[in-house]
Amino acid sequence: MSGAPLLLDRRRAAALRPLLPARPPAEWHAALTAEIAAGLGPAHAALLAAPVQEGEEIAWTAPGARSRGFSALSAADRRALTEALGAILSDIRRLGESGAAPAVAASWPALREVPDLDSIHAVDGRPVLTAWAHIGARAERPPGLLARFDDGRAWQAPPRFPWRRWGLAGGALAAGALAAGLLLPVVGAALVPAETPQCRIDPASLGLFREAQREGGRQDALEAELARLEEERGRRRIACPLPTAPPPPEPPPQRQAEA
């Protein structure tokens with residue numbers, strides 16, 4: 001596939017009604033292809049032809065060497081092209097559902113709408129759409145021509161983060177923290193007496209306590225020394241060789257039989 005753009009389609013802007021009016025088509029194309037390429041690869045992003053505003057007309061181009069319109073294809077080629085188209089559209093829909101592509105999620109399902117089947121092109125054997133996210137100016141509602149090529153699963157919008165709920169909760173927590181900071185000195189002064197009585201220990205009791213500590217220390221030292229002696233005795237037992245058994249007694253001499 002060469003890098004030279006092919007002119008695939010050109011239509012009067014007045015004959016079309018955009019379904020994504022918030023931005024110009026070129027800005028939508030840049031945002032969508034960037035997200036699709038990042039999430040699925042450049043081959044999927046190449047599904048959308050690039051719109052170019054030319055006065056009162058809009059032209060759609062795509063890089064490639066050869067292009068054929070949908071009506072010029074044989075029945076077998078149409079079936080193969082629409083199967084590839086459906087697989088790509090299904091992947092793009094799931095990307096939008098994942099929450100990783102906000103532009104895709106914001107443009108679905110209008111993204112897959114086209115005014116007619118002449119918007120489907122085979123560029124070097126791959127499907128490319130022109131006039132995407134557009135319908136005829138006189139059409140009352142999107143015709144859904146490409147919906148049948150999808151995998152048939154209903155669109156599930158990605159979950160939105162509850163910014164308002166979390167903002168209210170954060171505000172309540174901040175107000176509570178501020179109130180606690182302001183009221184804590186007042187409440188603390190009311191609960192804690194101004195003069196806290198000091199705890200005093202009788203000198204005689206303190207002397208008994210210290211003597212008990214010294215006796216406990218001496219007992220611990222004696223127990224440690226006893227454990228050391230027991231360990232030393234065990235080591236000496238291991239070091240001592242086992243006593244050898246005495247040799248067996250010699251058998252008594254046998255008496256010679258009398259002649």
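In the predicted model, Ser67 of strand E5 has Val123 in strand E6 as its bridge partner. This pair belongs to the contact between E5 and E6, the latter spanning residues 120-123, where three bridges join the two strands in an antiparallel arrangement. The two strands are part of an open sheet of three strands, ordered E5-E6-E7 and paired in the antiparallel sense. Strand E5 (67-69) and strand E7 (126-129) occupy the edges and have a single partner strand each, so that one side of each remains without a neighbour in the sheet. On average, and with direction ignored, neighbouring strands of this sheet are turned by 35° against each other. Helix H3, which covers residues 75-97, lies across E5, E6 and E7 and runs at about 70° to E7.

A further antiparallel pairing is formed by strand E3 (residues 50-54) and strand E4 (residues 57-63), which are connected over five bridges. Within this pairing, Pro51 has Trp60 of E4 as its bridge partner. The two strands E3 and E4 form a hairpin in which two residues lie between them, and Gly55 in the turn adopts a positive phi of about 65°.

The largest nonpolar core of the model comprises 39 residues, and those with the most contacts inside it are Leu32, Leu47, Leu85, Ile92, Ile120, Trp132 and Leu146. Two or more residues are given to this core by each of strand E1 (5-12), helix H1 (25-39), E4, H3, helix H4 (102-107), E6 and E7. The greatest contribution comes from H3, which supplies six residues. For Leu85, when neighbours within four places in sequence are left aside, the contacts are with Leu47, Ile120, Pro127, Leu129, Leu146 and Phe149; among these partners, Leu47, Ile120 and Leu146 are also listed with Leu85 as residues with the most contacts inside the core.

The loop between strand E2 (16-18) and H1 contains Leu19. The relative accessibility of Leu19 is 22%, and this residue therefore counts as partly exposed, since the buried class is restricted to values under 20%. Not counting residues up to four places away in sequence, Leu19 touches Ala110, Glu113, Ala133, Ile135 and Pro142. A separation of 9.9 Å is found between the C-alpha atoms of Leu19 and Val114, two residues that are 95 residues apart along the chain.

Technical notes. Residues numbered from 1 in each chain as written. Predicted model: local features only at pLDDT ≥ 70, side-chain atom pairs only at ≥ 80, totals over all residues. Heavy atoms only, no water. Pairing = 2+ DSSP bridges. Helix = DSSP H or I, 4+ residues; strand = E, 2+ residues; numbered from the N terminus. Axes fitted to C-alpha atoms, helices over the stretch in contact; angles between N-to-C directions. Contact = heavy atoms within 4.5 Å. Core = buried A, V, L, I, M, F, W, Y, C linked by side-chain atoms within 4.5 Å. Buried < 20%, exposed > 50% of the residue type's maximum accessible area, 1.4 Å probe, protein only.
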